[in-house]
Structure formats: C-alpha cells, structure tokens
Amino acid sequence: MTTQTSSEVGFGVYIHWPFCLSKCPYCDFNSHVRHVQIDQARFVRAFAAEISATAARVPGRTVSTIFFGGGTPSLMEPGTVAGILDGIARHWTIAPDVEVTLEANPTSVEATRFAAYRRAGINRVSLGVQALDDAALGALGRLHSVREALQALDIARRNFERYSFDLIYARPGQTPEDWRAELERAVAQAGEHLSLYQLTIEPDTPFAELRAAARLETPDEDIARALFDVTQEVCAAHGLPAYEVSNHARPGRECRHNLVYWRCGEYAGIGPGAHGRLDIASRRHATATERNPEQWLIRVEAVGHGVVSDDALTRAEQADELLLMGLRLAEGIAPDRYAALAAKPLDADRIADLRAHGFVEIDPAGRLRVTPAGFPLLDAVVADLAA
C-alpha cells in the first residue's frame, strides 16, 4: 500500500472574500455585511501582498487548485478575481489542469457575471442554492427564489463545464418524503457534483437563539437519520455516490480543492479569517489570519500579511487531523500514513470492535474506511479511534 505525503496530494490556495449582502440565520462563517461600498482595488492590493508573503515562506510550489470562498465571492467584480489570480501566478507555478472554483449566490444580478468570471480564469462554480422550496429559502434567510436558482444553474452550465450546488436538509418540519421529492428535482438539475448538508444549529447564531427560546424545532434523531438515508439512496441511484460525508460526485469529478483538505495536503489561506496548512522546513504549520476585514486590511498594509496565529503542529496533532479529515472520505485513510505520523499504529482492538459493529472496514488495498452504516456516527467513530 502506498502512503501519500501532503506534498503529493497537491498544493491549494484558498481565497476568503468576507462580505455578504445579508447574514443567514444559520451561518457561523466569517462573513460580514457592510452598507458602504467596498474598496475592491484596495483589497486586491492586500491580497497580492499576503500572497507574496506566503509564497516567500513556501516558494516553488505548483498550484493545483484555487478556491474563492466566503462570504459571497460572487460580489467581487470580475476584475478583482482576475487581479487575485494574477497575484497567485506571479509567485507560484500554475498547473496546466488547475481547478479554479468560485462560490456564488444564485441571484439574478450575480449570475450575469458568470461569463466575465470565466474570462477572468474561473473554471468551476459552486452555487449556494440551499433549497428548492421558496418557503424554506425564506426561512433560511436566502435572498433568491427557486426560479432565480434554476435560472442561475442554467447560466452556470452554459458558461462552465464544471459546476456544483449546495442544498441544506433536515430543515424544520421537513419529512423524508418532502426531501426525496426535492432531491429528485435537484439531481435532475445537477451536473457532476452536489453538496448536501444537514442543518446544524451553530452557537451564537440567530437559529441558536430561536431554538433556545423553543421557537425553532429541527427533525429528531430518527428523522435526521431517515433523511440521511434518503440522501445516500437517491444520489447513488443517479450516479452521484457520496465521496465525502456531505459531498456527492460522479466518479472522477470530485472537488479537487476540498480533497486537498480532506487528504491533509498543503494549502495557503489568504484573506480575512482564512486558515492554511503549510509545510516549512519539515514542520507542518497551521496558520490563521485576522478575522475582521478592516483590521486584516490594516494589518496587511502595515506588515505585509494578516497572519495572527502560526502554530507548528506536533506529529500527534497531525495524526489526529488525518483521522478527523481523512475518515470523512469514502476512500478512508492509509493506516501506515497514520502510523508514520503518530509513531504508533492505530489500536487493532478498537478497529476490530468497530469492524464487528459494521462501522468501519479494511478495503482490498488495506485502507481503513468508514462504512455507510458508520457515517451517521462519524464523530463517535473518529473519537474512538483517536482515544
């Protein structure tokens, strides 16, 4: 069995655009609403400076993937996107088959920019559709309608060979029958990739306040499991099996940038609140930048970067991260990669117990992977193996 190192997984660049038109009530991402015009040219200069500072720490890399996340990157002018891509290309080699993804909201205004984004260098878009039900979209705080979402998908498929979209399920009041019908409609619109997330109530969000006040009730554990099972069944039947616990793709059409994360590859985090993993002098560094956009901007203009934490991970921490990230994938992990990081093998008795319960398996290549029965219990499986 061959063990992949982080460098063999690829080198990704994550760009965080932190601004949104409004803050969704379930969202705990680093996103900010501003009621004044954003000076995008100033931000482009700051992105370029942080890219330059990062490249000085990890020179000679070949960029295999670039991902514009947020926030709402489709609020960026196409020229802003092009300027950032030019900055990346000035400091690193760009792979001929580089994947360049931009997250977008499916409002009619933003969809009109898709052709210009393509000319700027984007070759894949990921649309935050979130629901194909207007009442649900309103409850989720989304600003688009189902009609706009379908129109945006049509524009996306005309401009990009590769596109994906997100849906949220396990919404308040949602039944397995409702979700099956909605998902069948979604699959009919899908190209090569779907991201399907169970609604989670994150701390310090409006949804958390509503639930604490008994004004928001999400499906119970049994219904949530039935919704998960419907998700796997419908997607597999349409040739979109889960390659990660919440992501489905036609074989070979997975999101390569996210695979860099889940396979514990190396990636630069650029922009306010961005996280990175950099391999420097045989040490793996976890980096994070200033979250507040204006404070990030001031910091970059003063010192050339917005990094506020830069921690060298221990081998044990890297091994734990491999379990946490790698077991999210249907392909699982190579146990010898874990052993090389942790300086000890995984506990054979724990693996045997989890196998006896049907939660994990060893594939013919010797990889440890979570079974379909184990995925709904993924956190507990990972915790058991890491103990």
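## A negative surface patch

Asp133, Asp134, Glu177 and Asp178 together form a negative patch on the surface of this predicted model. One of these residues, aspartate 134, belongs to helix H6, which covers residues 134-139. Aspartate 134 has a relative accessible area of 48% and is therefore partly exposed, since the exposed class begins over 50%.

## Strand S1 and its neighbours

Strand S1 comprises residues 11-17, and seven of its seven residues are buried, so the strand counts as mostly covered. In a regular strand, side chains alternate between the two faces of the sheet. In S1, one side carries Phe11, Val13, Ile15 and Trp17, while the other carries Gly12, Tyr14 and His16. Both of these faces are covered, as every residue just named is buried.

Which strands pair with S1 in the parallel sense? One partner is strand S11, residues 266-270, which runs parallel to S1 and is joined to it by five bridges. Within this pairing, phenylalanine 11 stands opposite glutamate 266 of S11. Another partner is strand S4, residues 62-70, which pairs with S1 in the parallel sense over seven bridges. Here tryptophan 17 of S1 stands opposite glycine 70 of S4.

## Salt bridges between distant parts of the sequence

The model contains 23 salt bridges. One of them joins the side chains of arginine 328 and glutamate 244, with an N to O distance of 2.6 Å. Arginine 328 lies in the loop between helix H13 (315-326) and helix H14 (335-342), whereas glutamate 244 lies in strand S9 (residues 242-244), so this pair ties together parts that are 84 residues apart in sequence. Is each partner buried or exposed, or partly exposed? Arginine 328 has a relative accessibility of 25% and counts as partly exposed, while glutamate 244, at 1%, counts as buried.

A further salt bridge links arginine 277 with glutamate 321, whose closest N and O atoms are 2.9 Å apart. Because arginine 277 is in strand S12 (residues 275-280) and glutamate 321 is in helix H13, the pair connects parts that are 44 residues apart in sequence. Arginine 277, at 14% relative accessibility, counts as buried. Glutamate 321 also counts as buried, with a value of 18%; the reason is that buried means under 20%.

## A partly exposed pair and a network

Arginine 369 and glutamate 361 also meet through their side chains in a salt bridge, at 2.7 Å from N to O. The relative accessibility of arginine 369 is 26%, so this residue counts as partly exposed. Glutamate 361, at 30%, is likewise partly exposed. Elsewhere, Glu99, Glu161, Arg162, Glu192 and Arg253 are joined into one network by salt bridges that share partners.

## Leucine 143

Where is leucine 143 placed? This residue lies in the loop between H6 and helix H7 (146-159). Its relative accessible area is 53%, so leucine 143 counts as exposed, because that class requires a value over 50%. Leucine 143 and arginine 299 are 156 residues apart in sequence, and their C-alpha atoms are 33 Å apart in space.

Terms used. Residues are numbered from 1 along each chain as its sequence is written. This is a predicted model: local features need pLDDT of at least 70, side-chain atom pairs count only at pLDDT 80 or more; totals for chains, interfaces and linings use all residues. Side-chain values use heavy atoms; hydrogens and water are left out. Patches are made of residues with over 30% relative accessible area and no salt bridge: like charges are joined within 9 Å, nonpolar side chains (Val, Leu, Ile, Met, Phe, Trp, Tyr) within 5 Å. Accessible areas come from the Shrake-Rupley method with a 1.4 Å probe; for residues, only the protein chains shown count as cover. A salt bridge is a side-chain nitrogen of Lys or Arg within 4 Å of a carboxyl oxygen of Asp or Glu. Lys and Arg count as positive and Asp and Glu as negative; His and the chain ends are not counted. The place of a charge is taken as NZ of Lys, CZ of Arg, CG of Asp or CD of Glu. Helices (H or I, at least four residues) and strands (E, at least two) are DSSP runs, numbered from the N terminus. Buried means under 20% relative accessible area, exposed over 50%, partly exposed in between (1.4 Å probe, protein chains only). Two strands pair if DSSP finds at least two bridges between them.
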